[in-house]
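Please look through the sequence and the structure shown below before reading on. The report that follows takes up a few parts of the fold in turn, beginning with a helix and its surroundings.

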Amino acid sequence: MDSSSSKLLEATQLGSLSLKNRVVLAPMTRARSGPDRIPQPIMAEYYAQRANAGLVITEATTISPQGLGWVETPGIWTEAMRDGWKPVVAAVQAQGAKIFLQLWHTGRAGHSSFLGGARPVSASAIAIEGEGVHGADGQKHPHETPRPLATEELPALVADYRQAARLAREAGFDGVEIHSANGYLLDQFLQSKTNQRSDSYGGSLENRYRLLGEVLTAVLAEWPAERIGVRLSPNGAFNDMGSPDYREQFLYTAQQLNSHGLAYLHVMDGLAFGFHELGEPMTLAEFREPFHGPLIGNCGYDQAAAEERLQSGHADLIAFGRPYISNPDLVERFAKGWPLSKEGDMSTWYSPTGAQGYTDYPTAQVAGEKDFPG
């Protein structure tokens, strides 16, 4: 497609934020924060390389020690972590992009080795069925049966989200995204497969949404609605998810979120990350009915599919994950019709290997223009 007719590459507005294009850097766990969970200078380099996107969403960032579940992922519960994020934010904004911090609690997807021996927490005492989890020692361990959070513990959890949102604001971010997808804690409360509670946080569509709604209210105390996004994965099987009433639950959730005037709803509608196969996949077009704000599509998109979703009006922006790992200049490649680099060694993507597989992917110009006609 001629770049002059590309909807993906055109500037747009996200509330009061001006975006230079409709490309989003999807949040991806990259594990380069070091054992203290404080963002490192190399992270500023990584995000700046990819700030050709209109919107950058950071990797999932843990809101509290209880939420940990991955080696060397960043946190946002101390002032030192806040200050570690400041150079990352500045580097991205210097390239003319906007940047949102994704707020994360792993819930049952974590492991006791990250938690001083304590069991991970969840909505109910239901373990992930799967091949295991990498613990703090880097070794794979069987999934543990989580401890259900008591009703009286939930206000403190909500307060952790508010504190994280405040620290993100103080770090200079343009907004925050509440991670309620991919089988992490808020998704565990949302879905009937993992939520079998008998209190006011379980047993119905309304009750299972309650915790996400309370977290959103807390974050709204720190940010205007137009600077808050929410991420959902209605089709996802990752972390052993997928509920028989997924369609009803996610449409209800989108309807509730619609009443707030949020920056966007980020829907993992693609199936490249796994599909639970409990019915027909949910589509962005379905989410247009209950949610009237901006929609971000995500998961497995290439340039042609992204253009189709945007031209049809089903999406307002499209997030790219894996293509951005090995193509830091993704937007330029889209604009000039250049091929994408090969993905490279996946073992370096999500583990603490420093620059390798992180900031060492060349741009098309560096790789050699002879390989990129046009």
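What covers the buried residues of helix 1? The model is a predicted one, and in it the cover of these residues includes strand 3 (23-25), strand 4 (55-62) and helix 2 (79-94). Helix 1 spans residues 41-49, and its buried residues are Met43, Ala44, Tyr46 and Tyr47. These residues lie on the same side of helix 1, because they cover an arc of only 165° around the axis. A general rule about helices helps in reading such a pattern: an α-helix has 3.6 residues a turn, so residues three or four places apart point the same way.

**The barrel**

Strand 3 and strand 4, which help to cover helix 1, also belong to a barrel into which eight strands close, in the order 3-4-5-10-11-12-13-14 and with parallel pairing. From one strand to the next, the twist averages 25°. The table sets out two of the strand pairs, each with an example of residues that stand opposite each other or are bridge partners.

| Strand pair | Sense and bridges | Example |
|---|---|---|
| Strand 3 and strand 14 (residues 317-320) | parallel, three bridges | Val23 and Ile318 |
| Strand 4 and strand 5 | parallel, six bridges | Thr62 and Trp104 |

**Strand 5 and helix 2**

Is strand 5 enclosed or open? Seven of the seven residues of strand 5 are buried, so this strand is largely enclosed by the rest of the structure. Its residues point in two directions, with Lys98, Phe100, Gln102 and Trp104 on one side and Ile99, Leu101 and Leu103 on the other, and all of them are buried. Helix 2, which is part of the cover of helix 1, lies across strand 4 and strand 5 (98-104), and this helix runs at about 145° to strand 5.

**Two packed helices**

Two packed helices are described by the angle between their axes and the distance between the axes. For helix 5 (residues 205-220) and helix 6 (residues 246-258), the packing angle is about 40° and the axes are 10 Å apart. The two helices are therefore oblique to each other, and helix 5 passes helix 6 in a right-handed crossing. Where they meet, helix 5 contributes Leu205, Glu206, Arg208, Tyr209, Leu212 and Leu216, while helix 6 contributes Glu248, Gln249, Tyr252, Thr253, Gln256 and Leu257.

How values were computed. Residues are numbered from 1 along each chain as its sequence is written. This is a predicted model: local features need pLDDT of at least 70, side-chain atom pairs count only at pLDDT 80 or more; totals for chains, interfaces and linings use all residues. Side-chain values use heavy atoms; hydrogens and water are left out. Buried means under 20% relative accessible area, exposed over 50%, partly exposed in between (1.4 Å probe, protein chains only). Helices (H or I, at least four residues) and strands (E, at least two) are DSSP runs, numbered from the N terminus. The arc is that of the directions from the helix axis to the C-beta atoms. Contact means heavy atoms within 4.5 Å. Two strands pair if DSSP finds at least two bridges between them. Axes are lines fitted to C-alpha atoms, for helices over the stretch in contact, and angles run from 0 to 180 degrees between N-to-C directions. Angles under 35 degrees count as roughly parallel, over 145 as roughly antiparallel, 65 to 115 as roughly perpendicular and the rest as oblique. A crossing is left-handed if the near helix is turned anticlockwise from the far one by less than a right angle, and right-handed if clockwise.
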